[in-house]
Amino acid sequence: MSIWGRWRSGPIAPNGRKKAADGFGTVRLVAAFFVIIDHAAPLTKSGGSILPTRFGVDLGAVTVSAFMAMSGFLVIRSWERDPHLWRFAVKRALRIMPGLLVVLCLSAFVLGPVLTTLSTGAYFDHPLTWSYITDNIRVFPQQYVLPGVFNDNPYPNAVNGSLWSLPVEVLGYALIAVFGLVGAVKRRWMVLVAAFALTVVFQRLLTKQLVLPKVLLMVPTVPLVQYLAVYCVGMLAYLYRDKIRYSWFGVVVCVAVEYVMHASAMTEVTRLVTVPYVVLAIGTLLPQKLWLPSAVTMSSYGVYLYGFPTEQFVVHLGVESKWLVALFSVPIAFALGMMSWHFVESPGMKLRKVLLRRRPAKPPEPPAAVDEPVAAGAHQPS
């Protein structure tokens with residue numbers, strides 16, 4: 001067997017199709033927890049990342065890269081299985097919009113009136129209260145402020161900073177749709193060229209050899225290019241799955257590369273490859289006995305959505321230690337994420353059956369007998 005291991009598919013269901021269960025759900029949930037843990041540092045003004053600066057690792061940035069790599073891998077797989085633009089758009093919208101709408105409404109209409117420093121009337125009369133819903137549900141642009149909410153927190157005027165990554169995710173969906181329509185799923189070199197181009201642009205931005213506006217498509221330019229590059233790497237991992245071999249040895253090599261490069265200006269560039277490899281390798285090679293049930297892991301999106309406002313609320317209550325903020329916030333966000341999945345996101349996804357209902361195919365018409373021709377204009381059986 002190759003030292004790089006073998007591609008390991010999921011178990012086979014009785015009907016011969018591969019089950020959806022895999023290690024990626026468990027990895028996504030753990031990554032969502034890491035995002036909350038890392039946010040505890042800036043939200044308490046205890047540094048940019050919860051890890052010591054000597055490690056040279058922004059845990060939040062790494063976990064977002066992990067999310068983007070897995071998303072690129074899994075979403076292009078979804079396109080390949082059903083390459084239809086309308087159905088693809090509906091599936092993607094129903095995956096993110098129901099949970100997003102509910103967290104926005106709970107923030108604006110429950111959390112906001114309770115915590116705002118304004119009177120209830122002034123709060124609901126303020127235009128930012130309503131634009132918080134309308135702007136964020138459109139994804140472009142993002143609004144993080146609710147009037148009078150968290151004004152006195154160490155990280156003020158940000159109700160849900162995690163929403164910033166949703167435009168990048170949506171742009172990743174659009175990128176896959178474009179690639180799918182031009183046939184890049186079959187011509188995978190197109191995605192390779194796009195990933196290389198984004199990597200070059202990202203490297204030039206980091207080294208100041210290229211100057212672009214600070215904001216593109218209503219998203220900060222540098223993270224936009226960075227995470228779209230990671231998204232493409234995730235897509236490539238799926239498209240070249242016949243060539244790539246995952247192993248724990250490969251994971252160790254990537255970690256070693258990160259250790260060597262962590263003090264270099266190029267470390268963010270190498271992470272475009274090392275982080276996707278590590279997270280996809282773990283999701284692929286993780287022993288089945290360590291997989292969490294999908295009823296639990298599907299809460300990862302909700303955990304991500306509720307993590308930031310939960311932490312801001314905990315800080316608002318007077319908790320100052322970053323470790324205590326993380327300790328209190330993770331289980332609360334997990335509970336909210338579970339409720340979001342089971343009561344909002346999962347029922348919302350069932351609308352696929354309504355919106356994507358396919359008309360039954362018409363049975364083939366029997367050939368008309370020669371001695372019984374069909375009269376012109378006669379009704380045809382359906």
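Let's start with what surrounds the largest cavity: sorted by class, its lining has 3 nonpolar, 2 polar and 2 charged residues. Keep in mind that this is a predicted model. The residues around that space are Ala61, Val62, Ser65, Gln226, Glu268, Arg271 and Val275. Which helices supply at least two lining residues each? They are helix H2, running over 59-81, and helix H10, running over 267-285.

How do you find a hole like this in the first place? Rolling a probe the size of a water molecule over the atoms shows where empty space is left. Searching the whole structure turns up 1 cavity of 30 Å³ or more, and the volume of the largest cavity is about 30 Å³.

Now pick out Arg271 from that lining, since it leads us on to the salt bridges. The structure holds 8 of them. In one, the side chains of arginine 271 and glutamate 258 meet, at 2.6 Å from N to O. This pair links distant parts of the chain, with arginine 271 in helix H10 and glutamate 258 in helix H9, 13 residues apart. Are these two buried or exposed? Both arginine 271 and glutamate 258 are buried.

Another salt bridge joins lysine 91 to aspartate 82, and their closest N and O atoms are 3.0 Å apart. Lysine 91 and aspartate 82 are both buried too. A third salt bridge brings together the side chains of glutamate 345 and arginine 95, at 2.9 Å from N to O. Because glutamate 345 lies in helix H13 (residues 322-349) and arginine 95 in helix H3 (residues 85-115), the pair ties together parts that are 250 residues apart in sequence. Glutamate 345 has 0% relative accessibility, so it counts as buried. Arginine 95 is buried as well, with a relative accessible area of 15%; the cut-off for buried is under 20%.

Back in helix H9, which covers residues 248-261, you'll also find glycine 250. Its relative accessibility is just 1%, so glycine 250 counts as buried. Try tracing from glycine 250 to threonine 274: they sit 24 residues apart in sequence, and their C-alpha atoms are 9.4 Å apart in space.

Finally, let's head out to the surface. Leu85, Val178, Leu181 and Val182 make a nonpolar surface patch of about 360 Å². One of them, valine 178, belongs to helix H6, residues 166-181. Why does valine 178 count as partly exposed? Because its relative accessibility is 47%, and partly exposed covers the range between under 20% (buried) and over 50% (exposed).

Methods
Residues are numbered from 1 along each chain as its sequence is written. This is a predicted model: local features need pLDDT of at least 70, side-chain atom pairs count only at pLDDT 80 or more; totals for chains, interfaces and linings use all residues. Side-chain values use heavy atoms; hydrogens and water are left out. On a 1 Å grid over the protein atoms alone, a cavity is a set of points where a 1.4 Å probe fits but cannot get out, and a pocket is an open set with protein on both sides within 12 Å along at least five of seven lines; lining residues have an atom within 4 Å of a point. Grid points are joined across faces, edges and corners, and a volume is the space filled by probe spheres set on the points. Helices (H or I, at least four residues) and strands (E, at least two) are DSSP runs, numbered from the N terminus. Ala, Val, Leu, Ile, Met, Phe, Trp, Tyr, Cys and Pro count as nonpolar, Asp, Glu, Lys and Arg as charged, and the others, Gly among them, as polar. Patches are made of residues with over 30% relative accessible area and no salt bridge: like charges are joined within 9 Å, nonpolar side chains (Val, Leu, Ile, Met, Phe, Trp, Tyr) within 5 Å. Accessible areas come from the Shrake-Rupley method with a 1.4 Å probe; for residues, only the protein chains shown count as cover. A salt bridge is a side-chain nitrogen of Lys or Arg within 4 Å of a carboxyl oxygen of Asp or Glu. Buried means under 20% relative accessible area, exposed over 50%, partly exposed in between (1.4 Å probe, protein chains only).
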